[in-house]
Amino acid sequence: MSEKNTTKFRSKRKAQNTTDIITYILLSILGFMWVFPFIIIILISFREEKGMDLSYVIPKTFSFQNYIDLFTVPIGSDVTFFTWFKNTLLISIVVTIVSTFFVLSVSFTMSRIRFKMRRTFMNIALILGMFPGFMSMSAIYIILDAFKMTGKLSSLMLCYSASAGLGFYVAKGFFDTIPKAMDEAAWIDGATKWTVFTKITMPLSKPIIVYTVLTSFMGPWMDYIFVAYIMRTQYDKYTVARGLYMMIDREHAQTMYTQFCAGAVVVSIPLAIVFLSMQKCYTEGLSGSVKG
Amino acid sequence: MENNTGNGQNNYQTTPCHEVDYDRALPIVLGQIFTYGDLFTKLSFLIMGFSNIIRGQIIKGFIFLLTEVMFFYYLLMENGGVYHLGRLITLGTNPASQGDGDFGQIIYNDDSRKCLLFGVATIVIIFAFIALWAESLRSGYEAQYFVAKGKRPNSFYRDIQIYFDKKIYRTLLFLPITGVLIFTVLPIIFMICIGFTNYNMEHNGYTRLIDWIGFDMFGKVLHMGSDPDGGVNKFSHTFWTVLGWTLIWAVATTFLCYIFGMILAMVINRKGIKYKKFWRTLFITSVAVPQFVSLLIMRSFLSEFGLLNSVLRNIGISDPPNWLGDSNLAKVVVIIVNLWVGIPYTMLITTGILMNIPAELYEAAKVDGANAVTTFFKITLPYMIFVTTPYLIQQFIGNINNFNVIYLLTGGGPNLDLDKYQAGDTDLLVTWLYKLTMDSKDYNLASVIGILIFILSATFSLITYRSSGSYKNEEEFQ
C-alpha cells in the first residue's frame with residue numbers, strides 16, 4: 001500500500017518536473033521576445049555604421065561616437081539634444097512640484113473630508129476625464145495665445161501641471177486605507193484638519209508621495225504632441241520626446257537613426273530605473289484603488 | 001463657553017432665529033435666508049457683505065463688496081462682459097480686411113475664436129460670481145444668526161483659522177480647481193461649442209468669420225446611407241467605418257491583454273518556479289521604457305525594408321509581407337504589438353490580486369476532480385473579473401482612446417479606402433480626430449467626433465462603474 005503510494009508520488013513529482021521545465025522554456029522564449037527590441041536598440045546605439053535598415057543585428061564596429069554626437073552635433077538649425085534635455089529637466093522639475101501639491105491636496109480632501117459638493121466634484125472629475133485630451137488642444141492654444149504665452153517653456157509647464165488635480169484617484173485610494181480613527185484621535189486632542197493633513201497623514205503616506213512625484217516627473221519626458229503644437233517650429237524649445245521623434249522623421253531618419261537609438265537609451269535608462277524602483281508602490285496604489 | 005450658550009438661549013427668546021439647512025439645494029437655501037433674514041440680510045442680496053459689515057465683520061464684508069464692484073465693473077466696462085456676451089451670439093461681425101494696394105497689410109478686426117473664447121469665459125466668470133454671491137449671503141445670515149443668539153460673529157482672524165480647519169477643503173481645492181477650470185473645463189466647453197459652428201479650413205475665424213450652424217455637423221456625421229444626390233456621404237461613411245474598427249480594436253485588445261496577462265502572471269506565480277522576481281522584472285522592463293521609444297522602434301523593425309523583412313529575405317523568403325502596408329495584416333499586427341505593450345502591464349496589476357484568491361476554493365475544486373482549465377474558467381476568471389471590473393472598464397476606455405500605438409506604428413495607414421475622409425484603415429476615432437485638427441483643420445468635425453467619443457466612453461463607464469461595488473461601498477474599508 002505504502003509502496004504504491006510512493007510510486008504514485010514519484011510519478012507525480014516527475015510530471016511536476018517536466019511541466020516545470022516546459023514552463024522555464026516557455027518563459028525564456030517569451031522573455032526573450034519582450035527584451036529583444038531593447039537589446040537591439042542598445043546594440044545599434046553603439047554601432048559606428050550609420051543608416052536605418054541594415055540587414056544585420058550585431059554591429060561591425062563598436063564605438064561611443066553616437067553618444068558623443070548626440071550631445072555635440074546640432075540637429076536641424078543649431079539645436080542639440082542637450083538643449084532638449086535641459087528644457088525637459090527644467091519643465092519636469094516645476095511640473096513635479098506643482099502637480100504633487102495639487103494631487104495630494106485634492107486626494108486628501110476627497111478621501112478624508114466630507115462636504116456637500118464632494119460626490120459632485122468626484123463625478124465631474126470622472127466626466128472630464130472621458131473627453132479625449134487632444135480635443136481641447138487647439139482651445140488651449142487659443143487661450144495661451146490670448147495671454148500672449150505661446151512659444152514659452154512656462155506655457156508648457158502650465159499645460160502639464162494645471163489640470164493635475166484631476167488625477168487624484170490612485171492617491172485617494174491610498175489615503176482611504178489609512179484608518180480614520182487616527183484623524184479622530186487627533187481632533188479630540190484639538191488638532192485642526194490642517195495639522196492632521198501635514199503632521200499625520202503626510203508622514204504616513206511616503207509611498208504615495210514618492211509615486212506621485214515620480215509619475216508627475218515622468219510626464220513631460222513622454223509627451224510629443226503638446227510640445228509640437230505649442231512650440232510649432234521653435235526647435236530650441238522642444239523636449240526630448242519631440243526631439244527624438246524629429247530625429248526619425250523622413251528628413252532625418254537615414255542619417256540620425258543610430259543617434260536616435262543612443263538618445264532613446266539615454267532617456268530610457270533613468271526612466272526605467274525610476275519605474276522599476278517604484279514598481280511596488282505602483283501595484284499597491286493600483287490594487288488599492290481596485291479594492292475600494 | 002457654557003455661559004455663552006446660556007446667554008444665547010436667553011436672547012433666542014426675544015429675537016427669533018431660524019436654522020437654515022445649508023445642505024439643501026441652493027435656491028431653497030437662498031429662499032430660506034430671504035424669509036428668515038432681517039432687513040440687513042435682505043439688503044445683502046443687492047449689496048454683498050452688507051449684513052457682515054453692519055454686524056462687525058468689516059474686512060470680510062468689504063471683501064465681498066469689493067468683488068461685487070469688480071464684477072459689475074468687468075461686466076459693464078468697455079469691451080467687458082456684456083460686450084463679450086453679445087459677441088458670443090454674433091461671433092464677430094467685422095472680418096479682417098486688406099489694406100491699400102496689392103501688398104497692403106492685413107488689418108485685423110474681429111476674431112471669431114476669441115469672441116467665442118471670451119464669451120464662454122464670461123459665462124464661467126458669471127457662474128463663479130453666483131457661487132460667491134450665495135456664499136456671501138450665507139455668511140451674512142450666519143452673522144445675523146450669531147448676533148441673534150447673543151454671540152459675537154467670528155473675527156476675520158477666526159474666519160481664516162476656519163479655512164484651515166472645518167473649511168480646509170476650500171483652501172486645498174482652490175488652486176487645483178482654478179487650474180482645472182482654465183485648462184480643462186474652459187477648453188472643453190469651447191470645443192463643444194465649436195461643434196455647433198462652421199469653423200473649418202474655409203472659415204478660419206478672422207478673414208472669414210465663423211457662424212453658428214446648430215446640429216448640421218452632427219447630422220452629416222451620424223447620417224446613415226447615401227446622400228440624397230446619390231454620392232457617398234464621406235463624413236458618415238468614415239465615421240461608421242472608423243467607429244466599427246475602434247470597437248473591434250478596443251474589445252480585442254482589452255480582453256486579449258487581460259487573459260494573456262493573467263495567464264502569464266499565473267505561470268510565474270506557479271509553485272516550483274524559481275527566480276520569480278527575475279522573470280517579472282524581465283517583462284516589466286518593456287513597460288518601464290517610454291512607450292514612444294519602444295513603439296517607434298517597433299515601427300522601424302516592421303517597416304517594408306526594416307530589420308524583420310531584411311532578416312526574412314536573408315533566410316530566403318524573397319517576398320516578405322509588408323506588415324504595416326496591407327490593411328488587414330496591419331490590423332492584426334497593431335493588435336499583436338499592443339499585446340506586446342499591454343501584457344506585462346496586466347501581469348503587474350493582476351499578480352497581487354491573484355495571490356489573494358482564497359486557497360480553499362482551489363482545494364475544493366481539486367477534491368471535486370476539476371482540471372486546470374475548468375479551475376481557471378470557473379474560479380480564477382470569475383473572481384478576477386469581479387475584483388477588477390473597474391480596471392477593465394478603465395482599460396476598455398483607454399483602448400478606445402489608445403492614441404500612441406496607432407499613431408506611432410501606422411499613423412492610421414494604410415490609406416486604401418478612398419471613400420474615407422482623412423482617415424486610414426487602422427485609424428481609431430482619436431487618431432482621426434487628431435488628423436482632422438492638425439492636417440485638414442476641420443475643427444468643427446473634430447469637435448463633433450470628440451463629443452461622440454465622450455458619449456461612447458461615458459455610456460460604457462457610468463453604467464458599469466456606478467453599479468460596481470467599489471463605487472457604492474466607498475466607505476466600507478474605512
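This report walks through a predicted two-chain model, from confidence to chain contacts, then down to single residues.

**How far to trust it**

For the complex as a whole, the predictor gives an ipTM of 0.85, along with a pTM of 0.85. Chain B comes out with a mean pLDDT of 84, and 90% of its residues get to 70 or more. The element of chain B with the highest mean pLDDT is helix H5 (residues 58–76), at 93. At the other end sits helix H1 (residues 2–14) of chain B, which has the lowest mean pLDDT of that chain's elements, 43. Go easy on that start of the chain: over residues 1–14 of chain B, pLDDT stays under 50. For that stretch the model has 11 contacts beyond four places in sequence.

**Chain A on its own**

What is chain A built from? There are 14 helices and 0 strands, so to speak an α after α run from the N terminus on. Chain A is also more spread out than a compact globule, because its radius of gyration is 26 Å, well over the 19 Å that the globule rule gives for 292 residues. Taken along the principal axes, its C-alpha atoms fill a box of roughly 90 × 70 × 30 Å. As for burial, 39% of the 292 residues of chain A count as buried. Looking at contacts in chain A with a separation of 6 or more, 73% come from residues 24 or more positions apart.

**Domains in both chains**

Each chain is divided into a domain 1 and a domain 2, with these bounds and distances between C-alpha centres:

| Chain | Domain 1 | Domain 2 | Distance between centres |
|---|---|---|---|
| Chain A | residues 2–66 | residues 73–291 | 35 Å |
| Chain B | residues 2–194 | residues 234–472 | 46 Å |

In chain A, the centres of domain 1 and domain 2 are separated by 35 Å. Their contact takes 9 residues from domain 1 of chain A and 10 residues from domain 2 of chain A. On the domain 1 side, H1(A) gives the most, with 4 residues. By class, that side of domain 1 of chain A divides into 4 nonpolar, 3 polar and 2 charged residues.

**Where the chains meet**

How many residues are in contact between the chains? On the chain A side there are 68, and on the chain B side 82. Helix H1 (residues 2–45) of chain A gives the most to the chain A side, with 10 residues. That side of chain A has 44 nonpolar, 17 polar and 7 charged residues.

The largest nonpolar core has 147 residues, and the members that touch the most others are Cys159(A), Phe190(B), Leu409(B), Leu433(B) and Ile449(B). Helix H9 (residues 168–194) of chain B gives this core its largest share, 12 residues. Leu433(B) is a nice one to click on. Leaving aside neighbours within four places in sequence, Leu433(B) is in contact with Pro132(A), Phe134(A) and Met135(A) from chain A, plus Ala446(B), Ile449(B) and Gly450(B) from chain B.

**A covered helix**

Helix H12 (residues 240–247) of chain A is mostly covered, with 8 of its 8 residues buried. Those buried residues are Val240(A), Ala241(A), Arg242(A), Gly243(A), Leu244(A), Tyr245(A), Met246(A) and Met247(A). What does the covering? From chain A, the cover includes helix H3 (81–112), helix H10 (206–222), helix H11 (226–231) and helix H13 (253–277). Chain B adds to the cover with helix H13 (291–302) of chain B.

**Two loop residues with positive phi**

Just ahead in the tour is the loop between H11 and H12 of chain A, where Arg232(A) lies. Arg232(A) isn't a glycine, yet it has a positive phi of about 50°. Is Arg232(A) buried or exposed? Arg232(A) counts as exposed, because it has 12 C-beta neighbours inside 10 Å, and the cut-off for exposed is 12 or fewer.

Chain B has Gln422(B), which is not a glycine but has a positive phi of about 60°. Gln422(B) sits in the loop between helix H18 (403–409) and helix H19 (429–438) of chain B. With 18 C-beta neighbours inside 10 Å, Gln422(B) counts as partly exposed.

Note on methods:
Residues are numbered from 1 along each chain as its sequence is written. Chains are lettered from A and ligands numbered from 1 in the order in which they are written. This is a predicted model: local features need pLDDT of at least 70, side-chain atom pairs count only at pLDDT 80 or more; totals for chains, interfaces and linings use all residues. pLDDT is the predictor's confidence in each residue, from 0 to 100. Two residues are in contact if their C-beta atoms, placed from the backbone, lie within 7 Å. Ala, Val, Leu, Ile, Met, Phe, Trp, Tyr, Cys and Pro count as nonpolar, Asp, Glu, Lys and Arg as charged, and the others, Gly among them, as polar. Domain bounds come from an automatic or database domain assignment. The radius of gyration is taken over C-alpha atoms; the globule rule is 2.2 Å times the number of residues to the power 0.38. A residue is buried if 20 or more other C-beta atoms lie within 10 Å of its own, exposed if 12 or fewer, and partly exposed in between; C-beta atoms are placed from the backbone. A nonpolar core is a set of buried Ala, Val, Leu, Ile, Met, Phe, Trp, Tyr and Cys residues joined through C-beta atoms within 7 Å.
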